[in-house]
Amino acid sequence: MFATDLSYHQETEATLRVSALHAFAYCPRLFYLEEVEELYTQDASVFAGRRLHEELEEKEEGEWQDLYLEDEYLGLRGRVDALKTIHGDIIPYEHKRGKCYRDEKKQPQPWESDRLQILAYCCLIEASQGIKIKEGRIRYHADHVLIHIPVDDEARKWVKDTIQQAREFRKSVYRPPVTNNEHLCSRCSLAPVCLPEEARLAHNQEWQPVRLFPQDDDRDVIHVLEAGTRVGRTGEQLKISRRNEPDEKLSVQQVGQVVLHSFSQISTQALHFLSDKEVGVHFISGGGRYIGSVDTRNGSIQRRINQYQALTKPEFCLGLAKKLVNCRGEGQRKLLMRGKRNLVSKCEELDYAIEQMKKVLRQVAKVDSLSSLLGIEGNLASLYFGALSEIISKNVPSELHFATRNRRPPKDRFNALLSFGYSLLIKDVVNSILTIGLEPSFGFYHQPRTQAPPLALDLMEIFRVPLVDMIVLASVNRLQWDIKEDFDIRGKQVWLSDVGRKKFIALYEKRKTETWKHPVTGYSLTYRRLLELEVRLLEKEWCGESGLFGHLVLR
């Protein structure tokens, strides 16, 4: 039995979840990500585990009990999902979907983290209820094995010592390295957040990474375009009410983002519901300008502290900014080179721009300040936009041709397309930043201005060419735009009409489903996943796993 002396009692320190103790024994990095950085995911195995417990309850109704317990002296809390009384003895059970460990003699044994978990539940029951537990049991359903775990003084000491170690570990400000046992990573629900294979690649360029990052997020991005449309909640569904149309109902599990354009509305109930389900909510003006996003981050304070500490170092910020300028400049230059291949005759202006951009890009590595880098970026943009008109097809109506970049507000149709596309892009970048738990308003290159968060402006540079410029150029050259129906002309201002916005959104969302092979990791992901991956790779730059960020250059 655990004594209840004051050595256990720490009123100012939160108790540990038993599942966190299991994570600590399984992998200290997993424990740190969950307990310190407050990151959790729910993959298929987590849901399958829940279904297993539900099925057991249905099969043996009345025989099983569950009990939520917390003991400050011991420093633990948790819900014992399966508690059984046999011959007067209370026995906690743990049910595992997988297989047990087999020793050299092929005898079934519990995995160490599972053994610690069941013993922790036993000790928690003893400490909080004042009763003695003789044993706990673990059933591994994949190979139909039931293992008895005796509770003795040695086991109790192991639990106590591990609790103390975990509490001390929780105070650290440094994220632990990736485990040496890569087999643990393949079964870990936090692999898409931890990115262990990518971390190993950062330290060893010869490493052959196995893709543990999810291939795609197949949830829908819901764009609400019509003014007066209302988004509400009914049960576990979203309800979209449009004027003179039947209500549309959507399961929240199918929704990844809700984007409210113009004067569409959302109820407080729907807003709370979407925030609770971690669904991004974003606002774009009727003129196509990004306004802002709902910040649903809970916790992740340590991640932002690390971000602040890293991005207050001028030399570190300059190194990241160089990667951005090179990434965008190379992408712009290669887009011009692609367009050149389709020309019937030689174009001296285009050849000059391509060659000059090559020379300017060589200067990026030599700059020693952000102000100098801004000058180089300006030169690259001037050369790029100065030559962009040369790769627009001669069959395109003159109203859709491009002369120079203008915005706030755009003064021609081509610029209206670019501006609306960049608004959609910054919305997606902010969504990824918030999903990961970083601070959008604290960047390393762009300075704060209006509603545009600097970190989102920074990360946009990587995706401007592949996700916006290429869409606009291709759709214009394919004559997909109606110069009257798709645009609203208001004096010198040009905006996309409701019809034009719907058309652009369809092109943009379709583009995000296309795949791009990452030049460093070597695996292919859709653009919608690459947005999130690139933010996670950025965070690795200040977590001791650098070298993978900023390599997505158009080929």
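L195 is buried, with a relative accessible area of 1%. In this predicted model, L195 sits in the loop between α7 (191-194) and α8 (196-203). Its backbone is a bit of a curiosity: L195 has a phi near 50°, which is a positive value in a residue other than glycine.

E278 makes a nice companion case. It is not a glycine either, yet E278 has a positive phi of about 60°. Its place is the loop between α9 and β15 (280-284). Is E278 buried or exposed? With a relative accessible area of 58%, E278 is exposed.

**The whole chain**

Stepping back, the protein has 17 helices and 20 strands. Its C-alpha atoms fill a box of roughly 90 × 60 × 45 Å along the principal axes. Of its 555 residues, 53% count as buried. Take the contacts with a separation of 6 or more: residues 24 or more positions apart account for 65% of them.

As for the surface, the protein exposes about 26700 Å², and carbon and sulfur atoms supply 48% of that area. On the charge side there are 80 positive and 78 negative charges, and their mean positions are 6 Å apart.

**A four-stranded sheet**

Now for some local detail. One open sheet has 4 strands in the order β12-β11-β10-β14, with mixed pairing. β12 and β14 (265-266) stand at the edges with a single partner strand each, so one side of each has no neighbour in the sheet.

Start with strand β11 (residues 237-241), which has two faces of contrasting character. L238 and I240 make up its covered face, while Q237, K239 and S241 are on the uncovered one. That fits a general pattern: in a regular strand the side chains alternate between the two faces of the sheet.

On one side, β11 pairs with strand β10 (residues 230-234) in the antiparallel sense, over 5 bridges. These two strands form a hairpin with 2 residues between them, and G235 in the turn has a positive phi of about 65°.

β11 also runs antiparallel to strand β12 (residues 248-251), and 4 bridges join the two. This pair makes a hairpin as well, with 6 residues between the strands; here N244 takes a positive phi near 60°.

Which residues stand opposite those of β11? Here are some of the pairs, should you want to find them in the structure:

| Residue in β11 | Opposite residue | Partner strand |
|---|---|---|
| L238 | L250 | β12 |
| K239 | K249 | β12 |
| I240 | E248 | β12 |
| S241 | R230 | β10 |

It's worth reading the table together with the two faces. L238, on the covered face of β11, stands opposite L250. I240, also on the covered face, has E248 as its bridge partner. On the uncovered face, K239 stands opposite K249, a lysine facing a lysine. S241 belongs to the uncovered face too, and its opposite number is R230.

A helix comes into the picture as well. Helix α9 (residues 268-276) lies across β10, β11 and β14, running at about 70° to β10. The loop between α9 and β15 is where E278 is found, so to speak the exposed residue from the opening section.

**A helix that is mostly enclosed**

Further towards the start of the numbering there is helix α1 (residues 18-26). Why call α1 largely enclosed by the rest of the structure? It is because 7 of its 9 residues are buried. The buried ones are V18, A20, L21, H22, A23, F24 and Y26.

A23 is a handy residue to look at within helix α1. It has 4% relative accessibility, so A23 counts as buried, the cut-off being under 20%. Which residues does A23 touch, leaving aside its neighbours within four places in sequence? A23 is in contact with P28, L30, F31 and E34. For a sense of span, take A23 and L388: they are 365 residues apart along the chain, and their C-alpha atoms are separated by 53 Å.

Conventions:
Residues numbered from 1 in each chain as written. Heavy atoms only, no water. Buried < 20%, exposed > 50% of the residue type's maximum accessible area, 1.4 Å probe, protein only. Contact = heavy atoms within 4.5 Å. Areas by Shrake-Rupley, 256 points an atom, 1.4 Å probe, with all protein chains shown as cover. Lys, Arg positive; Asp, Glu negative; His and termini not counted. Charge placed at Lys NZ, Arg CZ, Asp CG, Glu CD. Pairing = 2+ DSSP bridges. Axes fitted to C-alpha atoms, helices over the stretch in contact; angles between N-to-C directions.
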